[in-house]
Amino acid sequence: MNQIEIGKFIAVCRREKKLTQAQLAERLNITDRAVSKWETGKSLPDSSIMLELCEILGITVNELLSGEKVAAESCERKADENLIALKRKEENSTIKNRLIFIIFSGVLLTGILVCMICDAAISGGMTWSLIPACSILFAWLISGPAIFYGKRGIIKSLISLSICLLPYLYLLSRLVGTREVFSVGAGMSAVSIPFLWVIYAVFSRLGRKRIPAALGISFLAGIPFQFAVNMILSKMIGEPIFDVWDLLSAGLLLLLALVSFGCGHAAALRGPVGHGESERTEGGA
């Protein structure tokens, strides 16, 4: 597959449909910058939106990946070539992710072994080293799926976090000999885990096209989340529900939310205008 030829073909088909880059991006629920990258050959459309893109442009997936209109007699041969190229690309991405995962796992395992060796050399047994070993194993369980599977692993990492957090806190409380580690941690988990799932749902629902809006909602959600955390800490360890720093934090989150919404609104207004001018320039050329 030739990314540059595919990009030129997408641009030609888009103009034939009298669509600007911004209009095509809007229909696909992505950013107009992504469309621009396709057409300049810097990237390829994601496989999850290829069918929808082809339907909008009035072409087949085979023609898209070929970067040209395909005659009936050569259609089958081109289809086989494109499928092989796509499969090779996916395999390369999988190999890369697995290599990173192996290196990551090796680094964490080395960290555990170093801690245990130092502990055995200093104290003659396994004492303090069990604490970092437990924490490193927990980090591996949480981040491993996202590294191994890429974007598809984010939800797996969230599931792993939801399942492993309480057992980790219980084990940690036993190792450090402090029951409050589990009791306070469990209280924090009761609000933190749902908060993370809400943020994940927001970004998944809004998609790439509306990242600023997703950030704005996330910042706003952080304000009641902060209040819930303070309520739990107030009941468990007697901390005040709100102090000056909490008010400043809430104000900062509100400001960041407004900035995010403002950036998203400005991008939405600027995108169609900018690309409309681009289209007129192309037409004049």
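## A kinked helix and its surroundings

Helix H8 bends by about 40° at Cys 164, a kink that sits shortly before the proline Pro 167. Please keep in mind that this is a predicted model.

**Helix H8 and its cover**

H8 covers residues 154-176. With 23 residues at 1.5 Å each, H8 should span 33 Å, and the 31 Å between its end C-alpha atoms agrees with that. The buried residues of H8 are Ser 157, Leu 158, Ser 160, Leu 161, Cys 164, Leu 165, Tyr 168, Leu 169, Leu 172 and Ser 173. Cys 164, then, is the site of the kink and is also buried. Which helices help to cover the buried residues of H8? H7 and helix H9 (180-206) are among the elements that do so. Just after H8 comes Gly 177, with a positive phi of about 70°.

**A nonpolar patch on the surface**

H8 also has a part to play at the surface. Met 126, Leu 130, Leu 171, Leu 175 and Val 176 make up a nonpolar patch there, and together they have about 360 Å² of accessible area. With three residues, H8 gives the most to this patch. Another member, Leu 130, belongs to helix H7 (residues 130-149). Leu 130 counts as partly exposed because its relative accessibility is 32%, which lies between the cut-offs of 20% for buried and 50% for exposed.

**Helix H1 and what follows**

Helix H1 takes in residues 3-16, and its 14 residues should span 20 Å at 1.5 Å a residue; the end C-alpha atoms are 20 Å apart, in agreement. Ile 6, Gly 7, Phe 9, Ile 10, Ala 11, Cys 13 and Arg 14 are the buried residues of H1.

After H1 comes Lys 18, in the loop that leads to helix H2 (21-28). Lys 18 is not a glycine, yet its phi is positive, about 55°.

**Glu 39 and its partners**

Glu 39 lies in helix H3 (residues 32-39). Is this residue, Glu 39, buried or exposed? Glu 39 is buried, since its relative accessible area is 12%, under the 20% cut-off. Setting aside neighbours within four places in sequence, Glu 39 is in contact with Gly 7, Lys 8, Ile 10, Ala 11, Arg 14 and Gln 21. Among these partners, Gly 7, Ile 10, Ala 11 and Arg 14 are buried residues of H1.

Here are the residues with a stated relative accessible area:

| Residue | Relative accessible area | Class |
|---|---|---|
| Lys 18 | 72% | exposed |
| Leu 130 | 32% | partly exposed |
| Glu 39 | 12% | buried |

Technical notes. Residues are numbered from 1 along each chain as its sequence is written. This is a predicted model: local features need pLDDT of at least 70, side-chain atom pairs count only at pLDDT 80 or more; totals for chains, interfaces and linings use all residues. Side-chain values use heavy atoms; hydrogens and water are left out. Patches are made of residues with over 30% relative accessible area and no salt bridge: like charges are joined within 9 Å, nonpolar side chains (Val, Leu, Ile, Met, Phe, Trp, Tyr) within 5 Å. Accessible areas come from the Shrake-Rupley method with a 1.4 Å probe; for residues, only the protein chains shown count as cover. A salt bridge is a side-chain nitrogen of Lys or Arg within 4 Å of a carboxyl oxygen of Asp or Glu. Helices (H or I, at least four residues) and strands (E, at least two) are DSSP runs, numbered from the N terminus. Buried means under 20% relative accessible area, exposed over 50%, partly exposed in between (1.4 Å probe, protein chains only). The expected span of a helix is 1.5 Å times one less than its number of residues. The bend at a residue is the angle between axes fitted to the seven residues ending there and the seven starting there. Contact means heavy atoms within 4.5 Å.
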